[in-house]
Amino acid sequence: MRNLFRQFAKYYQDKDFRVFQNEFAKEVYECLGTSYSNNHNEVTMVTELCKTINGKSYDKLNFYAEKIHGTRSYVEFNKLDKPVTTELADMVIISVVTRNRDIVYEKLSFVQNKKSDESENWKIDDNQLYLLKNFPSFKGTKGIFKKNFGSDVNFLNRSKNLGTYGLFKQPGEMLLINADNIYSNMDKDKVKFDELRKIQNQPNSNNNIGFPFFDKHFLHHMDMFHLFENGVPFFNLPFLGNVSISQNIYEFIRNWSLYNIGEEASSFGVIMDQDLSNFTKLILRQANLGERINLNLDIQGSIETNLIVNVAHLELGEK
C-alpha cells in the first residue's frame, strides 16, 4: 500500500505527468471533434475514441482500449414490484494495479454512452437508469451474466460510482457522470446540459482505499506522513478517490489517470466485492489483456458480450 500511495503522490506532483495528462486530453478532444465533423454515430464515435486511448503510457502507467465482439448483455431485476429487463451498459472503465502478475487493487465503472440531441439534451432510459443508480439484485438473461453467474448478482456500489453515463455533446466534448446525479437532474425522460453544468464536483473526502479508519499508528506504520511533507492533503487525497462527475475531457483524463473513477472491487489482497472482482477478471481475460499486462487471471467461465473495455494499468514492480 505504501508504494502505491508514494507512486501516485509522485505522479500528482510531477510536472511531466501533468503535461502527459493534458496532451492525452488534447488528443481525445481532437478525436471527438473529428467524429462530430464527420457526423459519426455513437458507435463509431466510441470506437474512434478507443483507438485514441489505446497505447497511451507514462512511466509505469499504461492505457488500453479493446472492443469485445458478441451479443449484448441483458439483465433482469425487480423495479418496484415488477420484473424488467434491460441492457447493463455498453462500456466499462477499469483501473487496476498489479505486482508480480497479481492484482492488488482494482476499480470498475459501468458506462452507458449517450450522444446529445441538437438542444444539448440526452434521452435516458428509465429502466437502465434505475439499474445503474440502485443496482438491485439481478440475473443475466443474455450475455456475460447468464453464462458466468449462476445465481443473482449483487454489486455493493458503496461509492455510488459503479453506474455512470458518458455524455457526448457538440462540438466534441464528453462528461462522465454517475447515475445518482443523472436521476437528480432529470426532466421527464431527458437530462439537460445546462442543469449538469451546475453540479459542484465533490472533493475526494472519502478515499475508497480498503481500510475503515486512520490513526497515528497506522500512518506511522505506512509511512504516510511524507504526504503532508510534500504538500499532499492526506484526508482529501487527489488520487485513489471517488468523483461523481467529470465535467469535461480534461477532468475525465485527470481523474481516470489518478484512479478516481469507479467502484473498488479489491484492495491490497482484500476482496471488497466478490461478484465485481470476478466480473473484472473475466472482462480483462476476454479482452486479451491478461497476456498484454502479464496478469494471473485465475477465473473460470466464458464470455459472450458486446462491450468496450478501457483499462488503466499500473505495475508496482517487485516488493
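## A helix across three strands

Helix α4, residues 126–134, lies across β3, β4 and β8. Its direction is about 85° to that of β3. Keep in mind throughout that this is a predicted model.

The three strands under discussion make an open sheet in the order β4-β3-β8, with antiparallel pairing. Since β4 and β8 stand at the edges with a single partner strand each, one side of each has no neighbour in the sheet. From one strand to the next, the twist averages 35°.

## Strand β3 and its partners

Let's take β3, residues 74–79, and look at its two faces. V75, F77 and K79 are on the covered face, while Y74, E76 and N78 are on the uncovered one.

On one side, β3 runs antiparallel to β4 (residues 82–87), and six bridges join the pair. One pairing to look for here is N78 with its bridge partner P83 in β4. The two strands form a hairpin, with two residues between them. L80 sits in that turn and has a positive phi of about 60°.

On the other pairing, β3 meets β8 (residues 138–142), again antiparallel, through four bridges. Here V75, from the covered face of β3, stands opposite G140. E76, from the uncovered face, has K139 of β8 as its bridge partner.

## Helix α11, mostly out of sight

Now over to α11, which covers residues 274–286. This helix has 13 residues and reaches 18 Å from its first C-alpha to its last, close to the 18 Å expected at 1.5 Å a residue.

How many of the 13 residues of α11 are buried? The count is 10, so the helix is largely enclosed by the rest of the structure. The buried set is not just greasy side chains by name: among its members are D275, S277, N278, T280 and K281, along with L276, F279, L282, I283 and L284.

The ends of the helix are worth a look too. At the N-terminal end, D273 acts as the cap, with a side-chain oxygen 3.3 Å from the backbone nitrogen of D275. Just after the helix, N288 takes a positive phi of about 60°.

## The nonpolar cores

In soluble globular proteins, nonpolar side chains tend to be buried together. In this model, the largest nonpolar core has 51 residues, and F110, F145 and F279 touch the most other members. Helix α11 gives this core its largest share, five residues.

Zoom in on F279, one of the buried residues of α11. Setting aside neighbours within four places in sequence, F279 is in contact with V92, L108, F110, I144, F145, F149 and L307. Apart from this core lies another one, of 46 residues, with F5, C31, Y105 and I308 among them.

## A buried asparagine

Last stop: N310, which has its place in strand β16 (residues 307–315). Is N310 buried or exposed? With a relative accessible area of 3%, N310 is buried, since the cut-off for that label is under 20%.

What does N310 touch, not counting residues up to four places away in sequence? The list runs to C50, I53, Y64, A65, M91, V92, I93, I94 and W256. V92 is a name you have met already, as a contact of F279.

Note on methods. Residues are numbered from 1 along each chain as its sequence is written. This is a predicted model: local features need pLDDT of at least 70, side-chain atom pairs count only at pLDDT 80 or more; totals for chains, interfaces and linings use all residues. Side-chain values use heavy atoms; hydrogens and water are left out. Buried means under 20% relative accessible area, exposed over 50%, partly exposed in between (1.4 Å probe, protein chains only). Two strands pair if DSSP finds at least two bridges between them. The expected span of a helix is 1.5 Å times one less than its number of residues. A polar contact is a pair of N or O atoms within 3.5 Å; within protein, one must be able to donate a hydrogen and the other to accept it, and residues adjacent in sequence count only if both atoms are side-chain atoms. Axes are lines fitted to C-alpha atoms, for helices over the stretch in contact, and angles run from 0 to 180 degrees between N-to-C directions. Contact means heavy atoms within 4.5 Å. A nonpolar core is a set of buried Ala, Val, Leu, Ile, Met, Phe, Trp, Tyr and Cys residues joined through side-chain atoms within 4.5 Å.
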